[in-house]
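This report describes the fold, surface and core of a single protein chain. The sequence and model are shown first.

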Amino acid sequence: MNVYDEVNNLARAIKECKEFTDYKEAKDKVRGQADLKAKIDEFEKIRYEEQVLALKGETQTEEKMKKLQELYQILVQNPEVKEYFDKEVRFNVMMADVNKIIGEAIKDVLQ
(Lines give C-alpha, C1' and ligand atoms only; values in the text may rest on other atoms or scores of the structure.)
Protein backbone atom coordinates (compact mmCIF):
# COMPACT_ATOMS: atom_id res chain seq x y z
CA MET A 1 0.00 0.00 0.00
CA ASN A 2 1.30 3.42 -0.96
CA VAL A 3 0.36 6.05 1.64
CA TYR A 4 0.44 8.85 -0.93
CA ASP A 5 -2.02 7.00 -3.17
CA GLU A 6 -4.33 6.50 -0.19
CA VAL A 7 -4.09 10.16 0.82
CA ASN A 8 -4.94 11.18 -2.74
CA ASN A 9 -7.93 8.82 -2.61
CA LEU A 10 -9.01 10.42 0.68
CA ALA A 11 -8.63 13.90 -0.79
CA ARG A 12 -10.74 12.89 -3.78
CA ALA A 13 -13.39 11.32 -1.51
CA ILE A 14 -13.56 14.49 0.57
CA LYS A 15 -14.02 16.66 -2.52
CA GLU A 16 -16.83 14.38 -3.70
CA CYS A 17 -18.65 13.96 -0.38
CA LYS A 18 -21.95 15.69 0.35
CA GLU A 19 -20.54 17.77 3.21
CA PHE A 20 -17.88 19.27 0.94
CA THR A 21 -20.07 19.83 -2.11
CA ASP A 22 -22.93 21.32 -0.06
CA TYR A 23 -20.53 23.62 1.80
CA LYS A 24 -18.78 24.74 -1.39
CA GLU A 25 -22.10 25.45 -3.10
CA ALA A 26 -23.41 27.48 -0.14
CA LYS A 27 -20.10 29.33 0.15
CA ASP A 28 -20.04 30.18 -3.56
CA LYS A 29 -23.62 31.45 -3.33
CA VAL A 30 -22.96 33.91 -0.48
CA ARG A 31 -19.48 34.88 -1.69
CA GLY A 32 -20.99 35.85 -5.03
CA GLN A 33 -22.90 38.68 -3.33
CA ALA A 34 -20.51 41.52 -2.55
CA ASP A 35 -22.48 42.89 0.41
CA LEU A 36 -22.77 39.49 2.08
CA LYS A 37 -19.16 38.66 1.32
CA ALA A 38 -17.98 41.83 3.07
CA LYS A 39 -20.07 41.11 6.17
CA ILE A 40 -18.97 37.47 6.32
CA ASP A 41 -15.33 38.48 5.82
CA GLU A 42 -15.60 40.90 8.75
CA PHE A 43 -17.22 38.21 10.91
CA GLU A 44 -14.60 35.61 9.98
CA LYS A 45 -11.73 38.06 10.63
CA ILE A 46 -12.96 38.76 14.15
CA ARG A 47 -13.70 35.07 14.77
CA TYR A 48 -10.17 34.15 13.65
CA GLU A 49 -8.58 36.80 15.86
CA GLU A 50 -10.54 35.52 18.87
CA GLN A 51 -9.61 31.89 18.10
CA VAL A 52 -5.93 32.85 17.97
CA LEU A 53 -6.21 34.54 21.35
CA ALA A 54 -7.91 31.46 22.79
CA LEU A 55 -5.20 29.16 21.41
CA LYS A 56 -2.54 31.37 22.96
CA GLY A 57 -4.38 31.17 26.27
CA GLU A 58 -5.01 34.88 26.23
CA THR A 59 -8.25 36.50 27.31
CA GLN A 60 -10.67 37.20 24.57
CA THR A 61 -11.83 40.79 24.45
CA GLU A 62 -15.40 41.33 25.58
CA GLU A 63 -15.85 44.05 22.98
CA LYS A 64 -14.85 41.77 20.10
CA MET A 65 -16.94 38.88 21.43
CA LYS A 66 -19.98 41.16 21.60
CA LYS A 67 -19.30 42.43 18.07
CA LEU A 68 -18.94 38.82 16.88
CA GLN A 69 -22.28 37.85 18.42
CA GLU A 70 -23.99 40.90 16.98
CA LEU A 71 -22.61 40.23 13.50
CA TYR A 72 -23.66 36.58 13.72
CA GLN A 73 -27.21 37.51 14.74
CA ILE A 74 -27.46 39.91 11.83
CA LEU A 75 -25.94 37.48 9.34
CA VAL A 76 -28.08 34.45 10.20
CA GLN A 77 -31.23 36.42 9.54
CA ASN A 78 -30.37 35.86 5.88
CA PRO A 79 -31.40 32.26 5.01
CA GLU A 80 -28.48 31.85 2.57
CA VAL A 81 -25.95 32.87 5.21
CA LYS A 82 -27.57 30.63 7.82
CA GLU A 83 -27.39 27.74 5.38
CA TYR A 84 -23.74 28.56 4.67
CA PHE A 85 -22.85 28.58 8.38
CA ASP A 86 -24.78 25.33 8.98
CA LYS A 87 -23.01 23.59 6.11
CA GLU A 88 -19.67 24.99 7.24
CA VAL A 89 -20.24 23.39 10.66
CA ARG A 90 -21.16 20.02 9.10
CA PHE A 91 -18.04 20.09 6.94
CA ASN A 92 -15.81 21.05 9.86
CA VAL A 93 -17.27 18.26 12.02
CA MET A 94 -16.53 15.75 9.27
CA MET A 95 -12.96 17.03 8.92
CA ALA A 96 -12.46 16.90 12.69
CA ASP A 97 -13.66 13.28 12.61
CA VAL A 98 -11.20 12.46 9.81
CA ASN A 99 -8.37 14.10 11.74
CA LYS A 100 -9.36 12.22 14.89
CA ILE A 101 -9.32 8.89 13.05
CA ILE A 102 -5.87 9.62 11.62
CA GLY A 103 -4.64 10.82 15.00
CA GLU A 104 -5.88 7.66 16.70
CA ALA A 105 -4.13 5.53 14.08
CA ILE A 106 -0.75 7.13 14.76
CA LYS A 107 -1.01 7.97 18.45
CA ASP A 108 1.42 5.20 19.42
CA VAL A 109 4.32 7.00 17.76
CA LEU A 110 3.25 10.44 18.93
CA GLN A 111 3.34 9.67 22.63
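The mean positions of the 20 positive and 24 negative charges of the protein chain lie 2 Å apart. Lys and Arg count as positive and Asp and Glu as negative, with His and the chain ends not counted; each charge is placed at NZ of Lys, CZ of Arg, CG of Asp or CD of Glu.

The model is predicted, so local features need pLDDT of at least 70 and side-chain atom pairs count only at pLDDT 80 or more, while totals for chains, interfaces and linings use all residues. Residues are numbered from 1 along each chain as its sequence is written, and side-chain values use heavy atoms, leaving out hydrogens and water.

The protein chain has five helices and zero strands (DSSP runs, H or I of at least four residues for helices, E of at least two for strands, numbered from the N terminus). Its overall values are as follows.

| Property of the protein chain | Value |
|---|---|
| C-alpha box along the principal axes | roughly 50 × 35 × 15 Å |
| Buried share of the 111 residues (under 20% relative accessible area, 1.4 Å probe, protein chains only) | 23% |
| Exposed area (Shrake-Rupley, 1.4 Å probe) | about 8400 Å² |

Carbon and sulfur atoms supply 55% of the exposed area.

The largest nonpolar core has 19 residues, and V81, Y84 and F85 have the most contacts inside it. Such a core is a set of buried Ala, Val, Leu, Ile, Met, Phe, Trp, Tyr and Cys residues joined through side-chain atoms within 4.5 Å. Two or more core residues come from each of α2 (18-31), α3 (34-56), α4 (62-75) and α5 (79-110); α5 gives the largest share, five residues. Beyond its neighbours within four places in sequence, F85 is in contact (heavy atoms within 4.5 Å) with F43, Y72, L75 and V76.

How values were computed:
Buried means under 20% relative accessible area, exposed over 50%, partly exposed in between (1.4 Å probe, protein chains only).
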